[in-house]
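Me: Please examine one part of this structure closely, beginning with a single side chain and following its contacts outward. I should like the geometry and the solvent exposure to be treated together, in one connected account.

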Amino acid sequence: MAPKLWFENLAFSASSPFQIAMLPLLLALLAVAWFVTVIRTYSRPPLPPGPRGLPLVGSLPFLQPHLHHYFSTLAGIYGPIVSVRLGSKLCVVVNSASLAKEVLKDQDAILGNHLETDRVRAVRKGGQGLGWVNYSSQWRELRKLAVSEILNSTKLDTFKDLWREEIRHMVKLVHGKINSPVNFEELILATVLNVTTGMLLGFCKVRHLRIFSCSSAVRLAGSGAAHRRIGHEAPPDFRRGDRSTARNVQIWRDLCSEGFSAVAATDVGGKRRPEVAPYKVSHQSKLHGPDNGQRRHHHGHDGVGDDKTAATPESLRKAQEEAEKVVGKDHIVEEIHLSQLKYLNAVIKETLRLHPPTPVMLPRTPREACTVGGYLVPKKSLVFVNMQTIQRDPQVWDNPSEFRPERFLSGTTKWDYNGNNLHFFPFGSGRRICIGLAVADRMLTYMLASLLHSFEWNLPGGSRIEILETPGINVKKFTPLLAVPTPRFSVPELYF
């Protein structure tokens with residue numbers, strides 16, 4: 001007996017007139033469905049151009065340690081918007097101001113979520129952090145709470161005493177290192193952490209209570225440079241970089257926990273400190289989850305610019321001459337002087353243009369498919385904004401790789417940190433712009449002005465400045481800046 005052909009097993013049979021009549025209708029429906037699928041496939045925007053990559057791993061084997069350099073190379077080949085597959089993740093990278101505007105402002109509601117990997121979840125252990133909470137009513141409430149309780153202009157003015165005390169303490173520490181090399185990374189990071197912790201814990205009037213020393217700052221310094229997995233969501237591996245990250249974050253938690261204990265402790269005379277504002281601690285607990293405020297999210301702005309300023313000797317001289325003219329040789333730098341230091345502010349902006357603290361912004365993941373620059377950005381893909389490449393656009397900046405602060409002193413363009421001009425946005429833009437940019441701006445200017453006004457600085461014998469960067473999301477100088485201070489004041493009391 002001959003084997004049956006495949007179509008002889010169909011349910012339709014010539015013995016049923018009804019089935020015969022329905023067959024053309026079924027075929028017509030199948031044709032329509034096929035036609036609609038083809039139309040949808042060819043009518044939707046294409047993916048951005050990019051390298052084909054290898055099966056399964058995509059372009060992971062070709063990934064360079066510095067993402068912004070790798071993405072810039074791809075932009076030179078494929079254009080301002082590129083798609084690259086890293087493992088199982090499709091990544092879309094934008095490298096122009098106009099496309100950054102689409103991502104950060106025009107479609108910020110769709111592209112407002114940051115990627116949260118297993119490593120991030122393991123590190124923060126369920127705590128809430130503005131950097132990782134998805135754009136939602138919860139995120140809006142957290143941001144509103146942070147601004148109303150800590151980061152609004154009225155509250156910031158109440159921290160002036162804290163800032164001034166920590167700046168004077170920093171100057172005193174440097175004065176104790178006269179004619180010896182000073183590690184700027186340790187010095188600035190310790191000062192920033194003490195200021196930040198003081199603001200969060202609410203003891204702006206408590207004297208001589210410092211949680212972070214230079215040694216503890218060194219232990220924490222590596223936490224921002226650890227690599228993140230981009231290509232896949234693997235369980236956290238606390239070996240090598242992961243183990244270091246977990247250890248440093250635990251140090252941060254322990255030190256903050258010690259700070260809470262110190263704030264609550266009795267003073268030398270046996271009396272509880274009256275200057276403590278307990279409500280700030282309780283509100284901070286709301287920001288970080290239900291564990292009484294012991295969880296901490298270390299935001300990138302805490303150390304913005306702390307080790308990225310690499311001015312030329314001429315720029316250093318001009319900044320010191322300006323400070324001497326504004327402040328005088330018989331006075332110390334006060335906050336009221338900061339707005340008058342135009343050239344120093346230009347130096348800081350030029351440094352942040354060339355070396356933004358986060359050269360590739362934290363990856364965003366769209367909550368639904370959208371289009372950017374006429375190309376499809378699928379749901380659950382990763383969207384990167386290559387800030388460093390955008391801020392070095394030769395069509396906007398003359399000799400973009402040259403350190404020239406004067407570019408921020410001339411012309412009619414207003415260059416500020418508000419993220420409105422996406423040719424210069426070192427603190428981000430849109431809904432998720434860095435919430436602490438006002439603190440970072442004032443503290444950075446205050447610290448640098450005090451150090452430049454109070455001391456002459458020279459490199460240790462035989463050394464030179466290097467601007468090589470460490471790999472990671474938040475870059476740092478590969479070799480910390482070491483400089484030898486010499487007092488500029490003739491009155492020793494100005495250093496104490």
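Reply: In this predicted model, D157 has a relative accessible area of 40%, and the residue is therefore partly exposed, since that class lies between the limits of 20% and 50%. D157 takes part in a salt bridge with R442, in which the closest N and O atoms are 3.6 Å apart. D157 belongs to helix 6 (residues 153–157) and R442 to helix 15 (residues 437–454), so this contact ties together parts that are 285 residues apart in sequence.

R442 has a further acidic partner: its side chain meets that of E335 in a salt bridge, at 2.6 Å from N to O. This pair also links distant parts of the chain, 107 residues apart, with E335 placed in the loop between helix 12 (313–327) and helix 13 (342–354). E335 has a relative accessibility of 17% and therefore counts as buried, the limit being 20%. Together with K160, the residues D157, E335 and R442 are linked in a network of salt bridges. In general, side chains of opposite charge can pair when their charged atoms come close. For the structure as a whole, the count comes to 17 salt bridges.

Helix 15, which carries R442, leads on to the strands. An open sheet is formed by three strands in the order 3-8-7, with antiparallel pairing. Strand 3 (182–183) and strand 7 (455–458) stand at the edges and have a single partner strand each, so one side of each is left without a neighbour in the sheet. The antiparallel pairing of strand 3 with strand 8 (residues 482–487) runs over two bridges, and N183 stands opposite L482 of strand 8. Helix 15 packs on this sheet, where it touches strand 7 and strand 8, and its direction makes about 90° with that of strand 7.

Helix 13, which follows the loop holding E335, offers a local counterpart to these long-range contacts. R353 and E350 both lie in helix 13, three residues apart, or about one turn of the helix. Their side chains form a salt bridge at 2.8 Å from N to O, and both residues are buried. The charged end of R353 also sits over the ring of W397, at 5.0 Å from its centre. K349 lies over the face of Y417, 5.6 Å from the ring centre.

W397 and Y417 in turn belong to one aromatic cluster, which they form with F408, W415, F424 and F427. Across the whole structure, a search finds 13 aromatic pairs. One of them joins F408 and W415, with 6.2 Å from centre to centre and 75° between the planes; the pair is edge-to-face because the angle is over 60 degrees. F408 counts as buried at 13% relative accessibility, and W415 is buried with a relative accessible area of 13%. By contrast with that edge-to-face arrangement, the rings of F489 and Y495 have centres 5.2 Å apart and planes at 45°, so this pair is tilted. F489 counts as buried at 9% relative accessibility, as does Y495 at 1%.

To return to the starting point, the partly exposed D157 shares a salt-bridge network with K160, E335 and R442, and within that network E335 counts as buried.

Definitions and conventions. Residues are numbered from 1 along each chain as its sequence is written. This is a predicted model: local features need pLDDT of at least 70, side-chain atom pairs count only at pLDDT 80 or more; totals for chains, interfaces and linings use all residues. Side-chain values use heavy atoms; hydrogens and water are left out. A salt bridge is a side-chain nitrogen of Lys or Arg within 4 Å of a carboxyl oxygen of Asp or Glu. Helices (H or I, at least four residues) and strands (E, at least two) are DSSP runs, numbered from the N terminus. Buried means under 20% relative accessible area, exposed over 50%, partly exposed in between (1.4 Å probe, protein chains only). Two strands pair if DSSP finds at least two bridges between them. Contact means heavy atoms within 4.5 Å. Axes are lines fitted to C-alpha atoms, for helices over the stretch in contact, and angles run from 0 to 180 degrees between N-to-C directions. Rings of Phe, Tyr and Trp (its six-membered ring) pair if their centres lie within 6.5 Å; planes under 30 degrees apart count as stacked, over 60 as edge-to-face and the rest as tilted. A charge sits over a ring if NZ of Lys or CZ of Arg is within 6 Å of the ring centre and within 35 degrees of the ring normal.
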